[in-house]
Amino acid sequence: MGADSAMSQIFPKSANATARMSLAGVLTLVLFLGWVVFTLMRSSWATKQNEFVEQPIQFSHAHHVGGIGLDCRYCHTSVEKSSFAGIPPTKTCMNCHSQLWTNAQILEPVRASFRNDQPLNWTRVNDLPDFVYFNHQIHVKQGVGCATCHGPVDKMPLMYQAKPLLMEWCLDCHRAPEKYLRPRSEVFNMAYVAPDNQLELGTQLKAEYKIADPKHMTSCSVCHR
Amino acid sequence: MSHGPETPERYGLMAEFESPQTLLAAAHAVARAGYTKTDAFSPMPIHGLAEALGFEEHILPKVVLGGGIMGLIGGYGLEYWTQVIAFPQNIGGRPYHAWVAFIPPAYETTILLAALSCFGCLLFLCGFPRPYHPVFNVPRFSMATSDRFFLVIEADDPKFSLDGTKTFLQGLTAMEVVSVDE
Amino acid sequence: MAQQGFPEGDFRAPVPVLTPGQGYTSITDKLTSIVFTSHTPMAWFGFVAVGFTLVMGLMVSLTYVVLKGIGVWGNNIPVGWAFPIINFVWWIGIGHAGTLISAILLLFKQDWRMSISRSAEAMTIFAVICAAIFPIFHTGRPWLAIYWLLPYPNTMTIWPNFRSPLIWDVFAVSTYATVSIVFWFTGMIPDLATFRDRAGHPVMKKIYGVLSLGWRGSARHWYRYENASLLLAGLSAPLVLSVHTVVSFDFAVAILPGWHATIFPPYFVAGAVYAGFAMVLTLLIPLRKIYGLENIITMHHIENMAKVMLVTGLIVVYGYGCEAFFGWYSGSGYERFMLMNRMWKGPMAWSYWALLVCNFIVPQLMWSKRFRRRLPVVFLVCMFVNVGMWLERFVIIVTSLHRDFLPSSWQMYHPTIWDIMTFVGTIGLFLTLMFLFVRVMPMIAIFEVKTLVPESSPKATAVGDGGAH
Amino acid sequence: MDFESIRKRLAGDGNLTGKAYWRSLEELADSKEFGDYMHREFPSQASEFSDPAGRRTFLKLMGASLALAGVGACTRQPVEKLVPYVRQPEELIPGRPLFYATAMPLGGYAYPLLAENHMGRPTKLEGNPEHPASLGGTDVFGQASVLNLYDPDRSRVIKGHGEIKTWSGFIAAMQGAMSAQRAVNGAGLRILTEPVSSPSIVAQITELTQSLPDAKWHQWDPVFGTVQGGATSFAPIYDFKAADVVVSLDEDFLGHGAGQVRYSKDFGSRRRIGTPNDEQNRLYVAEAIPTITGAKAEHRIAVRAQDIHAVAAAIAGAVGVSGSMAGAEAAAGAEEFVKAAAADLLAHRGRSLVVAGERQPAAVKELARAINDALGNSGTTVKYVAPVVASPADGVASITSLVSDMNAGKVDLLVIFDGNPVYTAPADLNFAEALGKVGLRVHVGMHFDDTAELSHWHVPAAHYLESWGDAKSFDGTVTLIQPLIAPIYDGKQTIEVLAAMNGNLGKTGSDLVKEFWAESLGTEAAWRKALHDGFIPNANAPAAPAAPAAPNEPANPAPAAPAAPAAPVDGYEVVFRPDPTVLDGRFGNNGWMQELPKPLSKLTWNSVAYIGVATAEKLGVQNEDVIEIASNGRRVRVPVWIMPGTATNTIGLHLGYGQTKLGRVANGVGMNVYPLRTSMAPWFVGGATVTKTGETYMLASTQTHFNMEGRNPVRVVTAEEYKHEPKESVEKLGPEVPPRDMTLYQNFEYTGNKWGMAIDLNACTGCGVCVVACVAENNIPVIGKEQIKKSREMHWIRVDTYFEGSLDAPSMVHQPVTCQQCENAPCEQVCPVGATVHSDEGLNDMVYNRCVGTRYCSNNCPYKVRRFNFLLYSDFATEEIKAQRNPDVTVRSRGVMEKCTYCVQRISHARIDAKTEGRDIRDGDIVTACQQACPSDAIMFGNLNDPDSKVSKLKEQERNYGLLEDLNTRPRTSYLAVVRNANPALDKA
């Protein structure tokens, strides 16, 4: 065993610093990745929040709701009677557009649809996973304003998803509805602004509308079947 | 001899011994002689060697205990917060705070953190990782991990003097005494 | 430790752990040469080849399972758990021997552990790896199970259910894996340093240099090191007991007759150690032959392990007894039926008797010193125990499930080829990892073995060593 | 197995289009020989290849699993389209189902239904509560028939001489043929239909036969109107409500037939006792092979079908029916039974009832009537009216004469409406051969089946949910059929084809039906009301030949003098019965029905030979052994299933299996026993020989153990015990139940709604309707025989059957078991991810999208009611099927656990509607699918916190008990014990 043969110093002085740096580096990297995942889950990339969606017709809610002042229910007829708010049949569009803008190019798809009895294919904007059973009827009834979930639709030239629609977002309200409730009369009012005493009002409405306590509202089967 | 062309700064003097017994004896002698900045090297643990060099330390157990307590509190805290505060749910009619069921995970986290802190603390105290160290500059030191025993007196020891210390070491049945460069 | 005046042949006279005539140099040379040799023994290639082939099988079967669903296995309702969970418990059990040897024997200052502790620890880690495959892949949606079982802040604000023994499992097994690895690595640092200094090739030197973190055998480091080892051992001991206790909770906490039994924790732990030692022997007997380690892993070791097996085996058998007694004494019709079904009436009664033969009858050979010292016999007995412990889990899981409360839901269970491929595959994985480890890492704790050399004791007077320099 | 044949099939008979090619590949995988091949080559793997789930390709799997991964992981959702109407129907509210009254015509009878329609898709059928023949209940066929609508194997094109033709092309051809017939007064024209009660269709046919006096109208249906030993001039209508004692002579009135639902309701009303002192009825049954009617009987004897006449005669004699009874003494081994039954009958004059077997000779029916007349039951518990279906009543005679005409070459034009006579006609008639002698053969049917293949023309028929029409229910009530959807495969209705033959073209079904009823109903309003109600009360259907009187004023034709039938023959007796699930085979391509366990044997996907224990011992066979049965020169091979309680030397065979042309589900499943069935003896024949072949054949049963092992999951007490010590008698049958307060934990309080269910086992007949209803409501997948065999059935509610007593004369009990919604749910505690937790209303929620599939919950469920998607069971590939799915229930994917949730979707809807109306949920607002379908009202669901709810009242009864309650699971579902009102004279227990 020739020990002399081997030089026993195999690393330069700098190696010590490098070693410790790399150790620290690994730790920070792990933490960083964790942070990345955490934010990515909630990012608008994952939730599609605030994304404009390509539609067969560039229908402007801003114009129809904000401008003309149509009520939500003129088109979304079943919002008070059904889980599904309802997408207007072409007929509804033609009610007006058989007189107005009858040869506007942008409306051609609508007329075509009406002529050929071919439905329009809209792209869903506020899209919940298929295992979530959201019901418009009850939310509208219990004083949850359209704008609370759909945002300032009257100011949206093109429709986009205003809220993340993540489960934590739903639960935020299901755990403490008083934070968002408004009088039934104001549900369809786009201009409504929450009063300063929202919590007070909300608590009072909650009692008045007999809204169940969080124990019920956070039961799984309320939304998942 | 492995001196570079220019003479670099000296780390200390290293004496080589043949057996644990001789090393241990030498260590006692060195301590008696009043040297403080010293160290001994052996391929396996030799009981009483560190003490012979006048070394004592009791941090490790305390750190481990601390780690354990953190693990316990952290683990049980997590369970309590998630099951009772964050999202309480009626699971099979069991209470929200089902402390009986919460014991096993808390127990495991306790051990986990204790063990990790023990390992971390060991590295920290030994200053690992430390791939470079002056003593490696001595070629024969490569045998310190197989069958040779070494003793070093560092140059910045107050009592250190090249010749005096060298002769002193040679007096301790050292097989050989060499100088160690930084 | 020299003979302190015991009369000749007194059993209290400590047996030398190593065969006499071992020195630092000879030990270092011998143990480093295993890795730094130019010609690897043919047997090594043989084992790795076999192991690797089986690993391929494992990959295929796991892919198929993930693509098609666990329906390709034999599981059904009522037998919701079968091969995968049996294998999981079996592997986890095997793992326990390693920790037990290196931790508990260390606390009890059993010197003979030193020659075998390292390989046993390695075995632990590889066994846990094999075990971990099953709980993940046996779920219907592994791609979710793999992270939904962990408590992390998610967008659903949902947390795991800490009342479920499966979550306890997640914590226990992951902790066990982590701590074992830490313990194992800590133990290797000085030996890696030895490798660093013995390695010829500069790259090898560098690699081992990095791994050994710059260990130089300083007295202060040794002092802390021994402290740390003791502390880790002190932590591992309760850990290893808790792990199989928690695994047994998977069953004990359920209401199923045949699962719902208070005896399970101690009985499972004993079983684990039993299986573990059997596996250690199964590995070491060939290994010491292949690498000619007879001087370091002596008959003394073999015999001690055989004894431990015998004892733990008897504890396990006592467990069987208790199960039977409780079943009868409970007075519960379900429990009694379960026993009858398990032992006589049921279509799977064969498995119960086979398990008694493997775990109870055959190991009794170990009472005789003659057999304990005859390697083929010991090896054979270990094989029986390995099989027996697998059968034990089969009996507990499958025969209890297939006939539970409502006669209308009683059904049979038949494994499929994919069940078998997956199981055998993990054995291959285990072999492969084990032999790769032997090839590149110190399979025996060099520095510890050195402390067994007589002159390393400070009191010894003899100077000089058996080795040459 | 030779690959040649497969290759040939792949190389393809020319008519395979690209799409069809893949379908045919699947059929290939289904084909018998391929199946066998798989079994031999890959014993354990067969399933993956031959079950529906297994037929997914790897790629598809990959896709699916990735999609699944998407569900949980933070990946983006796939884009979803919204397609609104162009012009929205005014009554429609998007997202809300509409209900329409309609009816299923089967064997000439109407089965009244309410169809649930989601945005134009009929998804679920329920009984019509207003209709006297339904009262809200249905039978299994009513529930399952919605799946036939979407059957992907229905024929989609008109075929003429092997080529695809148009409707006008067909009309042209028909007009040609018809004009030829007009020349000869229709001498060569024959029309073959199934039994018809539809006034409008009858009108069309009459118009035809009047204009062509020599044309003949034949009727054939292998089940309905098929009589042995002559037809009777009258049809009985029973009133089980009024009957204290019922004697059934080989009649399965609870298990089969047009009256099943109403009869079960009435019969059940005499079993759903409220207090221990309520009088319940008593049922005596003499039958050859066990039926669920026999299972309900207090006293049942197994006698050969041939000997029923003797038993009837003996009873007649004992009750003193005038005139000496032939063979009255010959009731071998039944003396005791006869004596007791007769005594009981006499003791209940006017409140008793003798029911004669539909499949027994006229003589037996006449005897039964004589007895009822003698006892003064006629008019109180039974009414005898003229047959509801239009003549001819004797299908066998009808088809026999048709075949002889065909053989004689008298038939130039044969139009076959529905049915598959080539497959079902009596074997001795050689219908297929005779068909070859017909000049022009036209087949109108839903499938391109055996008959279609041998016909020149095939016209796809419309499903009744696509048709306008009318039919009479068993009691003569005229019931209207209105379409829920336009014909999806462009099918034509019988009435349209007939009209075309009559020359009035261009009329839609609705025109024809409406026209027909216009005058009889008068106003449009009346018509609308009739449509809404689904039936026309007491309508005197115009123009129907032999106009049947409506039940309330019975035209009471007197019976002919009882003529003794042929004397019994020794040797083995073969008894043919319609299959409980596929009937005569017409439901063969219906996956739900194939997978619905047969009531007593729990067999799926197969037909077997039911034999008694003694017979089995004699033959030295056991289950799955294949025997060969030979009867007058013809032989079939069938696997054996030992059914305790089958008459010795009797072999029970079910029709409808072993088909080859129907579709992907039916083809190659089971054995075809029609070859044994002759026109002389369509229902039972003696003197058969049986040999053991030594072969075995795999049978898949969902229950393998029929013994209660002394655990009494079903508690049975005698009426006596129950009267004297109501509570104790029931409690002592189960282990002690731990007191509620005996717990370390504080019990959860359920304020507000607290859902619970009670199931009256005394009323349950074990018919299995609840199972099909649940399947339809909850999108439960069909998994195939292999998977069933592996014990992976997916039904959320199952009907357990237990046998007790002697092997030869066992008593049988049924128990529908579904998730018990335990308050201390063992499953919840062990789920690592909290995928199953309790709702505040006490539901045991199952959150599919959270489930990772450890199956721990199932292991820990003592009831084993949890179901696991071991493979990708839900059919994501077959577009047609998707339209049937209930949009309110998640379609579960691979790797998740699923189970009953008390139809939580219905609960949610009721809750939301109640809240919207600002009120509480009323008792009865929520009706679970199983409860709704149950023909004997055995299932009750409601709020346990409402002391006045029906379910609370039921749970107050002394016979109420919880299943395995001793485990302290605290089930929300409880059972009401069976009370046996045995005749002391016979009771040996």
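This is a short talk about chain D, its contacts with chains C and B, a surface patch on chain C and one glutamine in chain A.

Before anything else: the model is predicted.

I will start with chain D on its own. Chain D has 989 residues, and 65% of them are buried. Its secondary structure comes to 32 helices and 40 strands. Now take the contacts in chain D between residues at least 6 apart in sequence: 74% of those join residues at least 24 apart. On the outside, chain D exposes about 32900 Å², with 56% of that supplied by carbon and sulfur atoms.

Next, the partners of chain D. I take chain C, then chain B.

How many residues of chain C are in contact with chain D? The count is 59 residues of chain C, and they touch 68 residues of chain D. Together the two chains bury about 5200 Å², and 58% of that area lies on carbon and sulfur atoms. The polar side of this interface amounts to 36 residue pairs in polar contact, with both residues at pLDDT 80 or more. Several helices of chain C each supply at least two residues of the side that touches chain D, including α2 (42-68), α6 (165-198) and α8 (219-252). Others on that list are α5 (142-148), α11 (333-345) and α15 (417-440).

Which residues form the salt bridge between Lys and Asp here? They are Lys864(D) and Asp404(C), and their closest N and O atoms are 2.9 Å apart. The rule finds 1 salt bridge across the interface of chain C and chain D.

Now chain B. The contact between chain D and chain B takes 10 residues from chain D and 8 residues from chain B. The buried area for this pair is about 980 Å², of which 60% is on carbon and sulfur atoms. For chain D and chain B, the rule finds 0 salt bridges. There are 5 residue pairs in polar contact between these chains, again with both at pLDDT 80 or more. On the chain D side, the elements giving two or more residues are α27 (826-830) and β33 (836-838).

Back to chain C, for its surface. What makes up the nonpolar patch of about 640 Å²? The residues are Leu314(C), Val357(C), Phe360(C), Ile361(C), Trp367(C), Leu380(C) and Phe384(C). Two elements of chain C give two or more residues to this patch, α12 (349-361) and α14 (375-402). The most comes from α12(C), with 3 residues. Leu314(C), another member of the patch, sits in helix α10 (residues 299-329) of chain C. Is Leu314(C) buried, partly exposed or exposed? Its relative accessible area is 31%, so Leu314(C) counts as partly exposed.

The last item is a single residue, Gln55(A). Gln55(A) lies in the loop between α2 (44-47) and α3 (61-68) of chain A. Why does Gln55(A) count as buried? Because its relative accessibility is 13%, and the cut-off for buried is under 20%. The side chain of Gln55(A) also reaches the backbone nitrogen of Thr123(A), at 2.8 Å. With neighbours within four places in sequence left aside, Gln55(A) is in contact with Trp122(A), Thr123(A) and Val125(A). Thr123(A) therefore appears twice for this glutamine: in the list of contacts, and as the residue whose backbone nitrogen the side chain reaches.

That is the end of the talk.

How values were computed:
Residues are numbered from 1 along each chain as its sequence is written. Chains are lettered from A and ligands numbered from 1 in the order in which they are written. This is a predicted model: local features need pLDDT of at least 70, side-chain atom pairs count only at pLDDT 80 or more; totals for chains, interfaces and linings use all residues. Side-chain values use heavy atoms; hydrogens and water are left out. Helices (H or I, at least four residues) and strands (E, at least two) are DSSP runs, numbered from the N terminus. Buried means under 20% relative accessible area, exposed over 50%, partly exposed in between (1.4 Å probe, protein chains only). A polar contact is a pair of N or O atoms within 3.5 Å; within protein, one must be able to donate a hydrogen and the other to accept it, and residues adjacent in sequence count only if both atoms are side-chain atoms. Contact means heavy atoms within 4.5 Å. Patches are made of residues with over 30% relative accessible area and no salt bridge: like charges are joined within 9 Å, nonpolar side chains (Val, Leu, Ile, Met, Phe, Trp, Tyr) within 5 Å. Accessible areas come from the Shrake-Rupley method with a 1.4 Å probe; for residues, only the protein chains shown count as cover. A salt bridge is a side-chain nitrogen of Lys or Arg within 4 Å of a carboxyl oxygen of Asp or Glu. Buried area is the accessible area (1.4 Å probe) that two parts lose on being put together, summed over both.
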